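Here's a quick tour for anyone about to work with this model. Take a look at the sequence and structure, then read on.

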Amino acid sequence: MLTLLSFLPISQTEGQNWTPVESSEITIQTGSIDIVPNKFQLYRVNDAEIKAILDDAPTEEEKVDGDMSMGKNVIIKLGLPDGESEEFMIYEYKMMESGLASQFPDFKTYYGNSISNPLHHVRIDYTTHGLRAMILSPDGSIFIDHFQRNDKNHKIVYYKKDCLLYTSR
């Protein structure tokens, strides 16, 4: 499968930096911190780059009989709780009825599969608040959320099992 992927037209992941940071490095407080897992990794990201990549993702309708070999493929890199990253081939899918979608054109949903591990799948939403995602893996669900409200450029990444409390502080 990886050999096949090397021949497909793919959007590159170059420039998609998920830079690990410490909370002390985030000096601008933009809002409350709602999610406080026991273990997590913080990242600095470029929201504009992420949005541009997502905007380029093909839709489910653009698949040819479930095969993208003749179409455009878009790969997004996502940070993981251990400080590493993983690449996913993604597709946009329509979750809202057309009338509701026209009222909220900036709300988009995506799904994808890992390039390196066929057992890892991702669900992504992008709204006016930026990217949020859930990676489904045999090791457990991984969540990517905003570190603090109104901050699109810092993400907190954690396993579901490590988050027992959602709070606002």
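## Overall layout

Going along the sequence, the protein chain runs α-β-β-β-α-β-β-α-β-β-β-β-β. That pattern comes from three helices and ten strands. Keep in mind that this is a predicted model.

Of the 169 residues in the protein chain, 41% are buried. The accessible surface adds up to about 9700 Å², and carbon and sulfur atoms own 53% of that. As for how the chain folds back on itself, take the contacts with a separation of 6 or more: 55% of them are between residues 24 or more positions apart.

## Lys-155, a buried charge

Now to strand E10, which covers residues 154–159 and is home to Lys-155. This lysine is buried, yet it has no salt bridge. Which side chain of opposite charge is nearest to Lys-155, and how far away is it? That would be Asp-47, at 5.2 Å. A salt bridge would need a Lys or Arg side-chain nitrogen within 4 Å of a carboxyl oxygen, so the Asp-47 pairing doesn't make the cut.

What Lys-155 does have is a polar contact with His-146, side chain to side chain, at 3.0 Å. His-146 also turns up in the list of residues touching Lys-155 once neighbours within four places in sequence are set aside. The rest of that list is Trp-18, Gln-41, Leu-42, Tyr-43, Val-45, Gly-130, Leu-131, Ile-144, Asp-145 and Phe-147.

## Pro-20 in strand E2

Pro-20 sits in strand E2, residues 19–21. Is Pro-20 buried or partly exposed? It counts as partly exposed, because its relative accessibility is 43% and the partly exposed class lies between 20% and 50%.

Leaving out residues up to four places away in sequence, Pro-20 touches Gln-41, Leu-42, Tyr-43 and Gly-83. Leu-42 is 22 residues from Pro-20 in sequence, but their C-alpha atoms are just 5.7 Å apart in space. Gln-41, Leu-42 and Tyr-43 are contacts of Pro-20, and they are contacts of Lys-155 too.

## A nonpolar patch on the surface

Finally, the outside. Leu-100, Phe-104 and Phe-107 make a nonpolar surface patch of about 240 Å². One of its members, Leu-100, lies in helix H3, which spans residues 98–103.

Why can Leu-100 be part of a patch? Patch residues need over 30% relative accessible area and no salt bridge. Leu-100 is partly exposed at 39%, so it clears the area cut-off.

Conventions. Residues are numbered from 1 along each chain as its sequence is written. This is a predicted model: local features need pLDDT of at least 70, side-chain atom pairs count only at pLDDT 80 or more; totals for chains, interfaces and linings use all residues. Side-chain values use heavy atoms; hydrogens and water are left out. Patches are made of residues with over 30% relative accessible area and no salt bridge: like charges are joined within 9 Å, nonpolar side chains (Val, Leu, Ile, Met, Phe, Trp, Tyr) within 5 Å. Accessible areas come from the Shrake-Rupley method with a 1.4 Å probe; for residues, only the protein chains shown count as cover. Helices (H or I, at least four residues) and strands (E, at least two) are DSSP runs, numbered from the N terminus. Buried means under 20% relative accessible area, exposed over 50%, partly exposed in between (1.4 Å probe, protein chains only). Lys and Arg count as positive and Asp and Glu as negative; His and the chain ends are not counted. A polar contact is a pair of N or O atoms within 3.5 Å; within protein, one must be able to donate a hydrogen and the other to accept it, and residues adjacent in sequence count only if both atoms are side-chain atoms. Contact means heavy atoms within 4.5 Å.
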